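The exercises below are meant to be worked through with the sequence and the model side by side. Each task is followed by a solution that goes step by step.

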Amino acid sequence: AGYRVYSIDLLGYGYSSKPFPTSAAARAISGENGRNLGSPEAVLGTAGGGQRTAPVQLEHPLGSVYNFYTWSEQLCDFVEDVVKSQGSANGSRGGTALVCNSIGTISGLQAAVDRPDLFNGVLSVNPNFRELHVAEVPGFVQPIVGAVQSALRKYGQPLFDSLANPGTVKQILKEPYNDASQVTDELVDVLLSPLLLDGAADVVFDTLSYSAGPLPEQLLQDDRLNAPVWVCWGEKDPWTPPKRVLALERFESVKRLVTLPTAGHCPHDEEPHNVNPILIDFLKTLS
């Protein structure tokens with residue numbers, strides 16, 4: 001189709017560097033540095049498609065480098081240092097479009113908010129609403145969640161080692177994938193191999209303990225977001241509340257919401273023949 005495509009391993013994931021989350025070296029490059037964070041009030045969604053207002057704690061409670069501001073800055077730096085230096089591949093007006101799946105939606109939206117001059121569109125595929133965020137969890141449950149997260153950080157390595165094997169990973173993946181035949185040995189290897197690298201377990205448990213940071217609806221209503229947003233959602237996704245996804249159409253920034261009746265949490269992998277035309281149509285609107 002004439003588009004140049006990049007797939008990025010964000011810090012801590014894939015084959016990227018995995019510094020210990022709260023080491024001095026990691027804290028020095030944290031995207032939270034220099035930001036005026038806090039717990040601003042935001043209008044969020046509910047599983048039933050309604051709305052509610054809640055304070056959203058933005059700062060990582062442990063000061064970890066693995067936060068959405070770090071990943072946003074990494075995306076912005078990549079565009080500045082790599083994408084712009086190679087020029088436009090398709091004659092577009094010069095911006096870069098972000099295509100994000102699941103929790104990656106938040107990194108992409110944050111980048112588009114931070115640097116509206118760099119990004120001309122965001123396509124979110126099955127956005128994640130981060131139900132373990134303190135703004136999402138009832139107050140009486142938060143101490144329990146926090147205790148479990150703390151225990152995993154301290155004592156979770158044996159559990160991680162027992163789960164990090166092909167058979168277990170394949171079984172876990174069959175939950176978000178509606179079409180179990182798509183959970184191939186190749187897919188398992190692609191996801192499992194990076195998890196066996198040094199430092200990967202620390203990143204996994206740190207991410208599971210990250211109950212702060214921006215949320216999708218909060219970013220979609222941010223005045224700094226100029227990029228049009230499309231949402232693509234597989235209706236068989238067991239992890240994403242259907243009515244909450246559909247309610248995203250209320251935001252002015254969301255220009256189109258497309259549903260795929262037979263896809264799960266990763267439609268781009270399960271049904272590329274249906275997702276690719278949506279992606280091409282989205283990119284054409286940016287040209």
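**Exercise 1.** Find the salt bridge that Arg-224 forms, and state whether each partner is buried, partly exposed or exposed.

*Solution.* Arg-224 forms a salt bridge with Asp-222, and their closest N and O atoms are 2.8 Å apart; the term asks for a side-chain nitrogen of Lys or Arg within 4 Å of a carboxyl oxygen of Asp or Glu. For the second step, buried means under 20% relative accessible area, exposed means over 50%, and partly exposed lies in between, with a 1.4 Å probe and protein chains only. Asp-222 is buried, because its relative accessible area is 19%, whereas Arg-224 counts as partly exposed at 46% relative accessibility. Elsewhere, salt bridges that share partners join Arg-52, Glu-136, Glu-217 and Arg-244 into one network, and a search of the whole structure finds 10 salt bridges.

Before going on, note that this is a predicted model, in which local features need pLDDT of at least 70 and side-chain atom pairs count only at pLDDT 80 or more, while totals for chains, interfaces and linings use all residues. Residues are numbered from 1 along each chain as its sequence is written, and side-chain values use heavy atoms, with hydrogens and water left out.

**Exercise 2.** Which residues lie nearest the centre of the second largest pocket, and how do the residues of its lining divide?

*Solution.* A pocket is an open set of points on a 1 Å grid over the protein atoms alone, where a 1.4 Å probe fits and protein lies on both sides within 12 Å along at least five of seven lines; lining residues have an atom within 4 Å of a point. The second largest pocket is lined by 15 residues, and Pro-40, Leu-58, Gln-218, Asp-222 and Arg-224 lie nearest its centre. The lining divides into seven nonpolar, three polar and five charged residues, where Asp, Glu, Lys and Arg count as charged, Ala, Val, Leu, Ile, Met, Phe, Trp, Tyr, Cys and Pro as nonpolar, and the others, Gly among them, as polar.

**Exercise 3.** Describe how strand E1 is joined to strand E2.

*Solution.* Strands are DSSP runs (E, at least two residues), numbered from the N terminus, and two of them pair if DSSP finds at least two bridges between them. Five bridges join E1, residues 41-45, to E2, residues 51-55, and the two run antiparallel. Within this pairing, Leu-44 stands opposite Arg-52 in E2. Five residues separate the strands of this hairpin, and Gly-49 in the turn has a positive phi of about 90°.

Definitions and conventions
Helix = DSSP H or I, 4+ residues; strand = E, 2+ residues; numbered from the N terminus.
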